[in-house]
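This report walks through one protein chain, from overall make-up to single residues. Have the coordinates open while reading.

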Amino acid sequence: MHDTTALLIELGAVILALGLVGRFAERVGLSPIPLYLLAGLALGEGGVVPLDASGDFVAVGAEIGVILLLLLLGLEYSAGELVSSLRTQYPAGAVDFVLNALPGAAAALLLGWGPLAAVALAGVTWVSSSGVIAKVLTDLGRLGNRETPVILGVLVMEDLSMAVYLPVLTVLIAGVGLAGGSVTLLISLGTVSVVLYLALRHGRHISRAVSSDNPEMLLLVVLGMTVLVAGVAQRLQVSAAVGAFLVGIALSGEVAEGARRILAPLRDLFAAVFFLFFGLSTVPASIPPVLLPALLLAAVTALTKIATGWYAAGRARVGRRGRLRAGGALIARGEFSVVIAGLAAGAEPGIGPLTTAYVLILVMLGPFAARWTQPAVDGVRDLVVHTGRRRRGGTPPGHGELTESTEVPAAG
């Protein structure tokens with residue numbers, strides 16, 4: 001009884017603290033993710049007030065948080081949309097991979113962590129945070145902008161790539177032999193292919209089978225099916241996260257909309273627990289030694305994401321300003337980076353602290369970059385043009401002459 005009482009008190013205090021932190025983040029216009037990570041650092045080993053009674057519950061809650069994050073993300077897309085994105089966005093996806101994965105791999109090798117850590121850190125720097133970016137685009141009122149479908153297309157490519165990347169990483173981390181690893185990888189990729197096939201060809205039947213007008217029944221069926229599939233996927237070395245993502249893809253129409261509406265509060269709760277747990281698993285004293293590499297890596301990959309957005313939006317014939325907005329919006333890293341680091345932490349202890357610092361930097365920079373990348377570049381350009389004309393004795397911009405900075409932007 002005493003242990004249960006201590007658990008309830010500690011768990012209640014933690015959830016209340018997360019709620020207050022989230023409200024504060026909302027008021028100052030930030031994503032709550034970095035504050036959840038900081039709370040985990042404060043409550044973990046070597047922190048201010050280490051958790052004692054609720055550690056096991058938080059660990060299980062973190063697993064559920066990953067599953068719900070990826071389920072809700074999968075519910076945003078249909079299997080047909082994924083196939084369409086593959087056909088139209090694959091050049092942008094390839095550029096995205098080259099520009100953003102290589103810096104992470106190079107950083108791991110320069111730090112002396114070896115090939116396995118290079119594969120893991122490449123994933124950390126490659127994938128943007130779909131959750132953070134979707135919220136930022138909504139907050140900025142840009143869902144109808146011309147560059148937004150391009151941004152979503154890049155995110156879909158990344159999310160779908162994770163269905164292949166995570167099983168590969170899981171097999172590498174398991175350290176099985178070449179023959180065993182090949183068999184495990186084939187099983188993993190075969191499982192992903194089968195689920196995608198079922199989603200494409202029989203998604204309507206699956207949605208009809210789980211459909212219900214009763215919210216309680218819909219919640220129980222969708223959540224139960226997702227956890228079951230995630231567990232089976234984990235057993236087959238696919239990763240629970242990818243299993244949940246594929247379940248989300250298989251559901252469509254009114255079922256997907258109803259599931260999103262019902263599961264969103266649960267997702268928010270357990271996602272907060274997930275980020276808290278990642279902070280808990282990182283010793284604060286391990287961050288200062290990797291802070292400089294994290295800053296350098298964040299600076300490099302922020303620029304490479306801007307270049308990715310510029311290229312992808314350019315292929316869609318979006319104007320210069322829309323290209324800059326697309327690049328700035330893609331900077332934030334978050335849930336997948338943390339998932340990858342969590343998988344690889346046992347193989348290379350330094351990945352956890354570096355990823356924590358890296359995600360903290362970019363998840364805080366992301367919303368500001370989305371808002372200010374295009375105005376900042378326009379401002380610098382105007383300043384350079386204005387200074388050059390003054391030196392030549394010409395007419396300053398804006399006096400009888402239309403410059404690119406004063407042109408009317410494209411609709412949306």
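Buried residues make up 47% of the 412 residues in the protein chain. Buried means under 20% relative accessible area, exposed over 50%, and partly exposed in between, with a 1.4 Å probe and protein chains only. The model is predicted: local features need pLDDT of at least 70, side-chain atom pairs count only at pLDDT 80 or more, and totals for chains, interfaces and linings use all residues. Residues are numbered from 1 along each chain as its sequence is written, and side-chain values use heavy atoms, with hydrogens and water left out.

**Overall make-up**

The protein chain has 15 helices and zero strands. Helices (H or I, at least four residues) and strands (E, at least two) are DSSP runs, numbered from the N terminus. Contact means heavy atoms within 4.5 Å. Among contacts between residues at least 6 apart in sequence, 82% join residues at least 24 apart.

**The nonpolar core**

A nonpolar core is a set of buried Ala, Val, Leu, Ile, Met, Phe, Trp, Tyr and Cys residues joined through side-chain atoms within 4.5 Å. The largest one has 103 residues, and Leu 70 and Leu 71 touch the most other members. Helix H11 (residues 253–280) gives the most to this core, with 13 residues. Leaving aside residues up to four places away in sequence, Leu 70 touches Ala 241, Ala 244, Phe 245 and Phe 336.

Three of these partners, Ala 241, Ala 244 and Phe 245, are among the buried residues of H10. Eleven of the eleven residues of helix H10 (residues 240–250) are buried, so H10 is largely enclosed by the rest of the structure.

Phe 336 is one of the buried residues of H14. Helix H14 (residues 335–344) has eight of its ten residues buried, so H14 too is largely enclosed by the rest of the structure. Glu 335 and Ser 337 are also among the buried residues there. What covers the buried residues of H14? The cover includes helix H3 (55–75), helix H5 (115–126), H6, H7, H11 and H15.

**Salt bridges**

The structure holds four salt bridges. A salt bridge is a side-chain nitrogen of Lys or Arg within 4 Å of a carboxyl oxygen of Asp or Glu. Three of them are tabulated here.

| Acid | Base | N to O distance |
|---|---|---|
| Glu 147 | Arg 325 | 2.9 Å |
| Glu 158 | Lys 305 | 2.5 Å |
| Asp 268 | Arg 267 | 3.0 Å |

The side chains of Glu 147 and Arg 325 meet in a salt bridge. This pair links distant parts of the chain, 178 residues apart: Glu 147 is in the loop between helix H6 (130–139) and helix H7 (148–174), and Arg 325 is in helix H13 (residues 320–329). Glu 147 is buried, with a relative accessible area of 1%. Arg 325 is buried as well, with a relative accessible area of 13%.

Glu 158 and Lys 305 also pair through their side chains. They link distant parts of the chain, with Glu 158 in helix H7 and Lys 305 in helix H12 (residues 288–315), 147 residues apart. Glu 158 is buried, and so is Lys 305. Asp 96 joins Glu 158 and Lys 305 in a network of salt bridges.

Asp 268 is partly exposed, with a relative accessible area of 45%. Its partner Arg 267 counts as partly exposed at 24% relative accessibility.

**Packing of H2 against H15**

Two packed helices are described by the angle between their axes and the distance between the axes. The axes of helix H2 (residues 33–43) and helix H15 (residues 351–392) come within 9 Å and cross at roughly 150°. That makes H2 roughly antiparallel to H15. Axes are lines fitted to C-alpha atoms, for helices over the stretch in contact, and angles run from 0 to 180 degrees between N-to-C directions. Angles under 35 degrees count as roughly parallel, over 145 as roughly antiparallel, 65 to 115 as roughly perpendicular and the rest as oblique.

Ile 33, Pro 34, Leu 37, Leu 38 and Leu 41 in H2 meet Thr 356, Val 359, Leu 360, Val 363 and Met 364 in H15.

**Two loop residues**

Arg 317 sits in the loop between H12 and H13. Most residues other than glycine have a negative phi. Arg 317 has a positive phi of about 60° although it is not a glycine. Arg 317 is exposed, with a relative accessible area of 72%.

Ala 347 lies in the loop between H14 and H15. Ala 347 is partly exposed, with a relative accessible area of 40%. Ala 347 and Ile 173 are 174 residues apart in sequence and 6.7 Å apart in space, C-alpha to C-alpha.
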